[in-house]
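Trainee: Could we go through the pockets of this model together? I would like to understand the reasoning behind each label.

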Amino acid sequence: MAKALAEPMKIRETSVNKRDNIVEGAGRVFLACGFVATSMDTIAAESGVSKQTIYSHFGSKDALFEAIVRQKCDEMMEPVAQSELRGDEPREVLRSIARRFLLLILDPANTRLFKAIVAESERFPDLAKTFYRSGPRAVSDQLAAYLTEQHREGVLWVPDPKASGELFFALMRADQYIRSILSITQEPGTDKIERHVDHAVEVFLAAHALVE
C-alpha cells in the first residue's frame, strides 16, 4: 500500500520539477532573445525537456510567456511590496523605500523583464495591465497610503498623496533609469545609489515640509 501511494506522489514531484525547469529555462531564453525570436526548440533544449512536455504543461508559447512574466513580476515586486512603512521617522522610511526601489529597477534581470513586457505589450495587453497594477501602481498606492497618514498626523504636508507618491518614484528613477533601459551605462555602485537616495529624499522632504 505504501509503495502504491508513493508512486503517484513521485510522479507529481517529477511533474512539478519539469514545470520549474521549463519556467527557468524559458525565462532565460525569453529575456535574452525576446518573444518573437524564441523558438520552442530552443526552450526545450535549455529546459532539458521535450517540446511535447512543454505543450502538456502550458499549451502554447503565448501561455508559457504569460506564466513566466507573471511569476517574474511577483518575484521582482516582493521586496518592495514587503517594505515596512511604520515605526521610523519619514526620512528613514523614505530612504528604505527608495533604496529598495532603485536596486529593483536597476537590476539587469529586471530591466530585461521590463523591456520584454514593453516589446510585447500590444500582443499581450492584459499582461501589460497586470504588470502595471501589481507592480508600479501597487507600490505607488502603498506609498500614497503612508503619505496620507503622515499628512493626517501633521508630520508632513501632503495635500495630494497620490501625486506626491508618483513624484517620489519619478525622483528615484531620474536619468539613471533611462540610461539603464537604453543599455548605455553600467549598473551603478552602492555609493552612487546611496548618494542619489539621500539627495532625492531630501528634495522630497523639503517640498513636503510643514509650513509654520
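Trainee: Which helices each supply at least two residues of the lining of the largest pocket?

Mentor: In this predicted model, they are α4 (61-81), α5 (90-106), α6 (108-119), α7 (125-152) and α8 (161-181). Of these, α7 gives the most, with six residues.

Trainee: What makes a residue such as Phe 101 part of the lining of the largest pocket?

Mentor: A lining residue has an atom within 4 Å of a pocket point. The largest pocket has 18 such residues, and Phe 101, Ile 105, Pro 136, Arg 173 and Tyr 177 lie nearest its centre. Its volume is about 410 Å³.

Trainee: How do the residues of that lining divide by class?

Mentor: The lining of the largest pocket has twelve nonpolar, three polar and three charged residues. Tyr counts as nonpolar and Arg as charged, so Tyr 177 belongs with the nonpolar residues and Arg 173 with the charged ones.

Trainee: And what is the volume of the second largest pocket?

Mentor: That pocket holds about 180 Å³ of space. Here α1 (2-33), α4 and α6 each supply at least two lining residues.

Trainee: Why is Gly 27 called polar in the lining of the second largest pocket?

Mentor: Gly is placed among the polar residues by the class rule, so Gly 27, one of the lining residues, is polar here. By class, this lining has four nonpolar, two polar and six charged residues.

Trainee: Which domains does the lining of the second largest pocket draw on?

Mentor: It takes at least three residues from each of domain 1 (13-59) and domain 2 (62-208).

Conventions: Residues are numbered from 1 along each chain as its sequence is written. This is a predicted model: local features need pLDDT of at least 70, side-chain atom pairs count only at pLDDT 80 or more; totals for chains, interfaces and linings use all residues. Side-chain values use heavy atoms; hydrogens and water are left out. On a 1 Å grid over the protein atoms alone, a cavity is a set of points where a 1.4 Å probe fits but cannot get out, and a pocket is an open set with protein on both sides within 12 Å along at least five of seven lines; lining residues have an atom within 4 Å of a point. Grid points are joined across faces, edges and corners, and a volume is the space filled by probe spheres set on the points. Helices (H or I, at least four residues) and strands (E, at least two) are DSSP runs, numbered from the N terminus. Domain bounds come from an automatic or database domain assignment.
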